[in-house]
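The following exercises concern a protein model and its charged side chains and strands. Please examine the sequence and the structure before reading each solution.

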Amino acid sequence: MTLLKCRACSSDKLHSIIPLGMQPLANALLPSSNAAECEQYNLEVMLCDACGLAQLKDLVDPTKLFSEYVYFSSNSDTMLKSASSLVEQILPTLAANALVVEIASNDGYLLKNYVEQDVKVLGIDPAENIAKHANENGIPTLCDFFGEKLAIRLSSEGKKADIIHANNVMAHVPDINSFIRGIKTLLKPNGKAIIEVPYFLDLVKNLEFDTVYHEHVYYFSVRALKKVFENNDLEIIDIEKLSIHGGSLRLFVSHTGESEPQAIVQSTLQEEETFGLHKPITFQNFMGQIEELKAELIEKLKTLKSEGAKIAAYGASAKGTTLLNYFGIGKDLLEFVVDRSPAKVGKFTPGKQLEIFSPTKLAQAGISHALLLSWNFAGEIMDQQKDFINKGNKFIIPLPKVKLAP
């Protein structure tokens, strides 16, 4: 489906800002290195002049993206720690018999913290394999896509939420107004939605172009978020800025008029305005910087290989698919990819068909340098790979500037 009008405000004042061309689906790992199995789709971000929402031009059928998912949040220590810390913050505010709902609850990595405290929970996730895994581990999880229709059904069954979590899901949902109306419907009058989204300002500042892929329909600024919530009678009342995923926002949202918005909402809007986040020239410069980064990274990899280095990639991540395919980095420069997730091991990366092994392969193959595609978990990964580092080997951090670490 090609974009003709803004999915949030219906304006037709849209223009292309990040054109990345034809790309494979970022998480469509291949069972073999058969190029014919890898479909490609246009990957291009458009900006709405009217409301400031950045969004993909072309959509892919969501059943191709989410029905069988290979990303388990519990594989990340950073995600587990962030979820535990957030629940500790929320628990003292909950009333007796409170209900906590999480949209896109994945394998229950967040809700399990509530379950351990005997708080009623309901997870909602469309991936059959992940919902099954969560239910088997004691996290009640409904396998479905969330939207207004499902919220009306749950509400009619008496399931109204005190807290709704929605971490890193809102960017994936094409019908954003239905999603937000669903939150409005499911939330108790004094309830709060706590929503985390990657922050568009950090994406642009730090050249995180590889976080653009077909699963991410939207790239959120506070200007765009404030508008779309207001249009659905909800209000952002507070914001926390997080370093996770290269820079994210944690939004606290309530029914309009329930709470006084904190000053950070206005100051963040001003920061975006001062940076020029919604101006075309910002993205002309951004795409120019991406081309410079591409040349710099390829030159670095070629130089290392000419000096005898053996190079693999670390992290069969979605963002890795975008980076490898847009930069044209494949088997001529990389031996293979390693990843901690057992669900990915033995498969091949989309587009470049690099085989995926467990991280133990680094030592077995005598790898000297690992291109860190999951750069958003750099600290966690380098802690896990101390043996690799202690042997004098290096990680290559690809952005915002190419550098060796440690």
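**Exercise 1: A salt bridge across the chain**

Lys184 is partly exposed, with a relative accessible area of 24%. The model in which this residue is examined is a predicted one.

Task: Determine which residue forms a salt bridge with Lys184, and where the two partners lie.

Solution.
Step 1. The partner of Lys184 is Asp233, and their closest N and O atoms are 3.1 Å apart. A salt bridge requires such atoms to be within 4 Å.
Step 2. This pair links distant parts of the chain, 49 residues apart: Lys184 belongs to helix α6, whereas Asp233 is in the loop between α8 (222-231) and β10.
Step 3. Asp233 has a relative accessible area of 41%, so this residue counts as partly exposed, because that class lies between the limits of 20% and 50%.

**Exercise 2: Salt bridges over short stretches**

Task: State how far apart the closest N and O atoms are in the salt bridge of Glu136 with Lys132, and in that of Lys159 with Glu157.

Solution.
Step 1. In the salt bridge of Glu136 with Lys132, the closest N and O atoms are 2.8 Å apart.
Step 2. Both residues lie in helix α4 (residues 128-136), with a spacing of 4 residues, about one turn of the helix. Glu136 and Lys132 are both exposed.
Step 3. For Lys159 and Glu157, the corresponding distance is 3.4 Å. Lys159 is partly exposed at 35% relative accessible area, and Glu157 is partly exposed at 43%.
Step 4. A network of salt bridges links Arg153, Glu157 and Lys159. A search of the whole structure gives 14 salt bridges.

**Exercise 3: The open sheet**

Task: Find the order of the 7 strands in the open sheet, and explain why one side of β6 and of β10 is left without a neighbour in the sheet.

Solution.
Step 1. The strands follow the order β6-β5-β4-β7-β8-β11-β10, and their pairing is mixed.
Step 2. β6 (141-142) and β10 (234-242) stand at the edges; each has a single partner strand, so one side of each has no neighbour in the sheet.
Step 3. For β6, strand β5 (residues 120-124) is joined to it by 2 bridges, and the two strands run parallel. Ile124 has Leu142 in β6 as its bridge partner.
Step 4. Helix α6 (residues 176-186) lies across β4 (99-103), β7 (161-167), β8 (187-198), β10 and β11 (248-255). The helix runs at about 145 degrees to β8.

Terms used. Residues are numbered from 1 along each chain as its sequence is written. This is a predicted model: local features need pLDDT of at least 70, side-chain atom pairs count only at pLDDT 80 or more; totals for chains, interfaces and linings use all residues. Side-chain values use heavy atoms; hydrogens and water are left out. Two strands pair if DSSP finds at least two bridges between them. Contact means heavy atoms within 4.5 Å. Axes are lines fitted to C-alpha atoms, for helices over the stretch in contact, and angles run from 0 to 180 degrees between N-to-C directions. A salt bridge is a side-chain nitrogen of Lys or Arg within 4 Å of a carboxyl oxygen of Asp or Glu. Buried means under 20% relative accessible area, exposed over 50%, partly exposed in between (1.4 Å probe, protein chains only).
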